[in-house]
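Please open the structure in a viewer and keep the selection tool at hand. The tour proceeds stop by stop, stating at each one what to select and what is found there.

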Amino acid sequence: MLTSRPTRRDAFEAFVRGAEPRLRQALSATLGSDRGREATADALAYAWENWDRVSAMANPVGYLYVTGRDRGRRANRTRLVTLLPIEQPRIPWIEPGLVDSLQELAERQRTVVVLLYCFEWSMSEVADMLGVTKSTVQKHATRGIETLRRRLGVEI
């Protein structure tokens, strides 16, 4: 009985199934929902074109995050970051100023806060995606949350 070896395309498709949702979430947290989706598509197209090199990397998703982020920044430097609208049935109430305050955070702080608290990623997952240490993620999360609390007038 002959068993077929996975093809280059099979390996890439399996990679995309596992990596695309997380890559899209991370790029959307950084660039906004529209640009994040575009940057994800660009990064995955790059991965296909360079699959032999990308598939051999220790952290291909982190590499593609940086690739997509850089391409997304260059694509249109003048557009503001727009985050996904909040679905009211899922969340009954949200602070009206939260979205604007999130958009005003420094990029790295916004990315970390959204991935940790909106998408419920672990610190290790965020650190791996961004290519930083967990302590750096913690620092950005703490500073981002403190800034949000200050801007929204929230006391703990």
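Begin by selecting Arg8 and Trp48: Arg8 lies over the face of Trp48, 4.4 Å from the ring centre. The model is a predicted one, and the values quoted on this tour are computed from it.

**Second stop: another charge over a ring**

Select Arg22 together with Trp121. Here the charged end of Arg22 sits over the ring of Trp121, at 3.9 Å from its centre.

**Third stop: the aromatic rings**

Return to Trp48 and add Phe12, Phe15 and Trp51 to the selection; ring pairs link these four residues into a cluster. In the model as a whole, the count comes to 4 aromatic pairs.

Now keep Phe15 and Trp51 alone. Their rings form a tilted pair, 5.1 Å centre to centre with 50 degrees between the planes. Phe15 belongs to helix α1 (residues 8-31) and Trp51 to helix α3 (residues 51-55), so that the pair links distant parts of the chain, 36 residues apart. Is each ring residue buried or exposed? Phe15 has a relative accessible area of 15% and is therefore buried, the cut-off being under 20%. Trp51, at 8% relative accessibility, also counts as buried.

Next, select Tyr46 and Tyr63. This aromatic pair is tilted, with 6.2 Å from centre to centre and 40 degrees between the planes. It too links distant parts of the chain: Tyr46 lies in helix α2 (residues 33-49) and Tyr63 in helix α4 (residues 60-75), 17 residues apart. Tyr46 is buried, with a relative accessible area of 13%, whereas Tyr63, at 28% relative accessibility, counts as partly exposed.

**Fourth stop: helix α8**

Select residues 134-152, which make up helix α8. This helix has 19 residues and reaches 27 Å from its first C-alpha to its last, close to the 27 Å expected at 1.5 Å a residue.

Within α8, highlight Val137, His140, Ala141, Gly144, Ile145, Thr147 and Leu148, which are buried. Because they cover an arc of only 160 degrees around the axis, they are on the same side of α8. What covers these buried residues? Show α5 (98-104), α6 (107-118) and α7 (123-130), which are among the elements covering them. Then turn to the other side of α8, where Ser135 and Arg150 are exposed.

**Last stop: the residue after the helix**

Finally, select Gly153, just after α8, where the backbone takes a positive phi of about 70 degrees.

Note on methods. Residues are numbered from 1 along each chain as its sequence is written. This is a predicted model: local features need pLDDT of at least 70, side-chain atom pairs count only at pLDDT 80 or more; totals for chains, interfaces and linings use all residues. Side-chain values use heavy atoms; hydrogens and water are left out. Helices (H or I, at least four residues) and strands (E, at least two) are DSSP runs, numbered from the N terminus. The expected span of a helix is 1.5 Å times one less than its number of residues. Buried means under 20% relative accessible area, exposed over 50%, partly exposed in between (1.4 Å probe, protein chains only). The arc is that of the directions from the helix axis to the C-beta atoms. Contact means heavy atoms within 4.5 Å. Rings of Phe, Tyr and Trp (its six-membered ring) pair if their centres lie within 6.5 Å; planes under 30 degrees apart count as stacked, over 60 as edge-to-face and the rest as tilted. A charge sits over a ring if NZ of Lys or CZ of Arg is within 6 Å of the ring centre and within 35 degrees of the ring normal.
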